[in-house]
Amino acid sequence: MSDLTLENMSTTYYDVLKELGNIGAGNAVTALASMLQCRVDMKVPQVKVLDFKDVGTLLGGEEQEMAGVYLAVEGDITGSILFLVKKEVAMHLVKKLMGSMASDEFGEMERSALKEISNIITGSYLNALASLTNLKIYPSVPDLTVDMAGAILSVPAIEFGILGDKILLIQSQISDEIEIDGFFIMIPDMESYEKILHSLGVMP
């Protein structure tokens, strides 16, 4: 067992994680464009390591209304993933998918559509990770919440007791008519990071 932590990861490791973010976001863009039947562009994702308690500020404050999808990951690696977008962006995506059938509220149909979109986005990241590493990765059924950022973030905080811990955040900006700022958070399981880096040949 090495003493790898998010604080002492080298630039090489970050480059690899950024590449994973690039491929995952690229896959998501392709899938979204096909699903929404429109052109979708993407900026280069930003990879950040920050204290879990500071995530709310980055999202625009803990009272910022967001749509969040939370899922556990099992198989060769373990941990969990949180994908967040602002509420108005989530509604924009839902209206793109549902057209005139969408209302201005997140009813059952709108939530179902948003869950389908989120499945594609989170699946794109996990598929990129699985195909690059040849690791078996099994996501749980995603749990969708539309709430304030602070409330959404409290779920993994309570479950993992990670309030003071570092997390890896991939911020991807995707645009069609509006800019979609998506925040993809990997809740740390350092043994899993080591397995990923081993599989990619960047860690002995």
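**Salt bridges, helix packing and one unusual loop residue**

Trainee: Which residue forms a salt bridge with arginine 39?
Mentor: This is a predicted model, so read each distance as computed. A salt bridge needs a Lys or Arg side-chain nitrogen within 4 Å of a carboxyl oxygen of Asp or Glu. For arginine 39, the closest N and O atoms are 3.1 Å apart, and the partner is aspartate 41.

Trainee: Is arginine 39 buried or exposed?
Mentor: Exposed means over 50% relative accessible area. Aspartate 41, the partner, has 33% and counts as partly exposed. Arginine 39 has 66%, so it is exposed.

Trainee: How many salt bridges does the structure hold?
Mentor: Side chains of opposite charge can pair when their charged atoms come close. One of the pairs is aspartate 54 with lysine 53, at 3.7 Å from N to O. Aspartate 54 is partly exposed at 32%, and lysine 53 is partly exposed at 47%. For the structure, the count of salt bridges is four.

Trainee: Glutamate 65 and lysine 87 meet in a salt bridge. How many residues apart are they?
Mentor: The side chains come to 3.7 Å, N to O. Glutamate 65 is in strand S3 (residues 65-75) and lysine 87 is in helix H3, so the pair links distant parts of the chain, with a separation of 22 residues.

Trainee: What is the relative accessibility of lysine 87?
Mentor: Buried would mean under 20%. Glutamate 65 is partly exposed, with a relative accessible area of 41%. Lysine 87 also counts as partly exposed, at 25%.

Trainee: At what angle do helices H3 and H4 pack?
Mentor: Two packed helices are described by the angle between their axes and the distance between the axes. H3 covers residues 87-98 and H4 covers residues 108-133. H3 and H4 are roughly perpendicular to each other. Their axes lie 9 Å apart, at an angle of about 95°.

Trainee: Which residues of H4 make the contact with H3?
Mentor: By class, the contact has nine nonpolar, no polar and one charged residues. H3 contributes Ala90, Leu93, Val94, Leu97 and Met98. H4 contributes Met109, Glu110, Ala113, Leu114 and Ile117.

Trainee: Methionine 35 and isoleucine 117 are 82 residues apart in sequence. What is their C-alpha to C-alpha distance in space?
Mentor: Methionine 35 is found in helix H1 (residues 11-36). Leaving aside neighbours within four places in sequence, methionine 35 contacts Leu97, Glu116, Ile117 and Ile120. From methionine 35 to isoleucine 117, C-alpha to C-alpha, the distance is 8.3 Å.

Trainee: What share of the chain's contacts with a separation of 6 or more comes from residues 24 or more positions apart?
Mentor: The chain holds six helices and eight strands. From the N terminus on, they run α-β-β-α-β-β-α-α-β-β-α-β-β-α. Residues 24 or more positions apart supply a share of 70%.

Trainee: What percentage of the residues count as buried?
Mentor: The chain exposes about 9,700 Å². Carbon and sulfur atoms supply 50% of that area. Of the 204 residues, the buried share is 47%.

Trainee: Which residue has a positive phi although it is not a glycine?
Mentor: Look in the loop between H4 and strand S5 (137-139). The residue is exposed, with a relative accessible area of 68%. Its phi is about 60°, and its name is asparagine 134.

How values were computed:
Residues numbered from 1 in each chain as written. Predicted model: local features only at pLDDT ≥ 70, side-chain atom pairs only at ≥ 80, totals over all residues. Heavy atoms only, no water. Helix = DSSP H or I, 4+ residues; strand = E, 2+ residues; numbered from the N terminus. Buried < 20%, exposed > 50% of the residue type's maximum accessible area, 1.4 Å probe, protein only. Contact = heavy atoms within 4.5 Å. Areas by Shrake-Rupley, 256 points an atom, 1.4 Å probe, with all protein chains shown as cover. Axes fitted to C-alpha atoms, helices over the stretch in contact; angles between N-to-C directions. Parallel < 35°, antiparallel > 145°, perpendicular 65-115°, else oblique. Nonpolar A, V, L, I, M, F, W, Y, C, P; charged D, E, K, R; others polar.
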